[in-house]
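Trainee: Before I use this model for anything, I would like to go through it with you. Can we take it one question at a time?

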Amino acid sequence: MLLWLLAGAGAALAAAPRPAAGPDAELVEAGFLSGHPDLRHRLRGMELYQRGDYAGAMRSFQMAARFADKAAQAMLAEMLWTGTGTAVDRPLAYVWIDLAAERGYLPLVAIRERYWEALGEDERARARREGPALQAIYHDGVARPRLAAVLRRSRGQMTGSRTGYTGNPLRIISPGGFGETTLDGNQFFDDRYWDPAQYQAWQDEVWTRPLQGRVEVGEAAPQPATAPVKPDPPTPR
């Protein structure tokens, strides 16, 4: 269920926030991910997970978790809960899902509550004992400033400026090893991708956006002809 959530709900965003709300492929090539370690490490973790390299996936999710990535924290919880690539550890899984749900994103809160209800009293006691050590590293009060510093530094390292920008293509030099590309400078420097407060608001919007389904209706199909219905004969009196 969590994998489905990450793939389709924008919540966890299997790779990154929904394409409609996020940067396009050019931005990624220009180094968007190099300046967003939360998304970069989560992408890597999902890739390794789908390959079956669960140990590598856990390492990548832990790196993303250090930068306040709630999807990565939820994936760590699920792997520990189910014993995917690691020993089952339900109390530690609960600690991770508690971290993932700290912003109140309803899908993650629901998983957290399901975990808690399934724990025995001894497991709950252990979760309470072990929680503070992970909270000290991964909760938003610590992890979000860590991400904010990277966002500001990465944006400052990019070549180009919006000052005097007239709409002509702007060459962006990436510090992340992706080379260079040409794109709309205003698009790349959109504040919601680099300003920590706006970036958080963008993430919140993606997580809280309701799932949207799509129904496709084809052309009307001809129906086979049916014989006319004959009336019943009159009933004799």
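The questions below cover confidence, one helix, one loop residue, ring pairs and cores.

Trainee: Which element of the protein chain has the highest mean confidence, and which the lowest?

Mentor: This is a predicted model, and the mean pLDDT of the protein chain is 75, with 62% of its residues at 70 or more. By element, the mean is lowest, at 48, in strand 1 (residues 170-173), and the highest value, 97, belongs to helix 6 (residues 90-100).

Trainee: How many contacts beyond four places in sequence does the model have for residues 7-23?

Mentor: Residues 7-23 have pLDDT under 50 throughout, and the contacts beyond four places in sequence number 54. Residues 211-218 are also below 50 in pLDDT, and beyond near neighbours in sequence that stretch has four contacts. For residues 7-23, the value asked for is 54.

Trainee: What end-to-end distance does helix 4 have, set against its expected span?

Mentor: Helix 4 (residues 54-65) has twelve residues, and at 1.5 Å a residue the expected span is 16 Å. The expectation counts one less than the number of residues. The end C-alpha atoms agree with it, being apart by 16 Å.

Trainee: Which residues of helix 4 are buried, and what covers them?

Mentor: The buried residues are G56, A57, M58, S60, F61, A64 and A65. Their cover includes helix 3 (37-51), helix 5 (70-82), helix 6, helix 8 (121-138) and helix 9 (140-157).

Trainee: Is D69 buried or exposed?

Mentor: D69 sits in the loop between helix 4 and helix 5. Leaving aside neighbours within four places in sequence, its contacts are D38, L39, R42 and A64. The cut-off for buried is under 20% relative accessible area. D69 has 2%, so this residue is buried.

Trainee: Which backbone nitrogen lies 2.8 Å from a polar atom of the D69 side chain?

Mentor: Two backbone nitrogens are listed here for the side chain of D69. That of A71 lies 3.4 Å from a polar atom of this side chain. The one at 2.8 Å belongs to A72.

Trainee: How are the rings of W81 and Y115 arranged?

Mentor: The whole structure holds seven aromatic pairs. For W81 and Y115, the centres are 3.9 Å apart and the planes differ by 5°. W81 is in helix 5 and Y115 in helix 7 (residues 106-118), so the pair ties together parts 34 residues apart in sequence. Both residues are buried, and the pair is stacked.

Trainee: What is the arrangement of Y94 and W116?

Mentor: Y94 lies in helix 6 and W116 in helix 7, so this pair ties together parts 22 residues apart in sequence. Y94 and W116 are buried. The ring centres are 4.8 Å apart with the planes at 45°, so the pair is tilted.

Trainee: Which element gives the largest share of the largest nonpolar core?

Mentor: That core has 36 residues, and those with the most contacts inside it are F61, Y94, W96, I97, L108 and Y115. Two or more residues come from each of helix 3, helix 4, helix 5, helix 6, helix 7 and helix 8. The largest share, nine residues, is from helix 5.

Trainee: How many residues does the other core have?

Mentor: This other core lies apart from the largest one, and its members include F67, W194, Y199 and W202. Y199 and W202 are also linked by ring pairs into a cluster with Y193. The residue count of this core is twelve.

Key:
Residues numbered from 1 in each chain as written. Predicted model: local features only at pLDDT ≥ 70, side-chain atom pairs only at ≥ 80, totals over all residues. Heavy atoms only, no water. pLDDT = per-residue confidence, 0-100. Helix = DSSP H or I, 4+ residues; strand = E, 2+ residues; numbered from the N terminus. Contact = heavy atoms within 4.5 Å. Buried < 20%, exposed > 50% of the residue type's maximum accessible area, 1.4 Å probe, protein only. Polar contact = N/O pair within 3.5 Å; in protein donor to acceptor, adjacent residues only side chain to side chain. Phe/Tyr/Trp six-rings, centres within 6.5 Å; stacked < 30°, edge-to-face > 60°. Core = buried A, V, L, I, M, F, W, Y, C linked by side-chain atoms within 4.5 Å.
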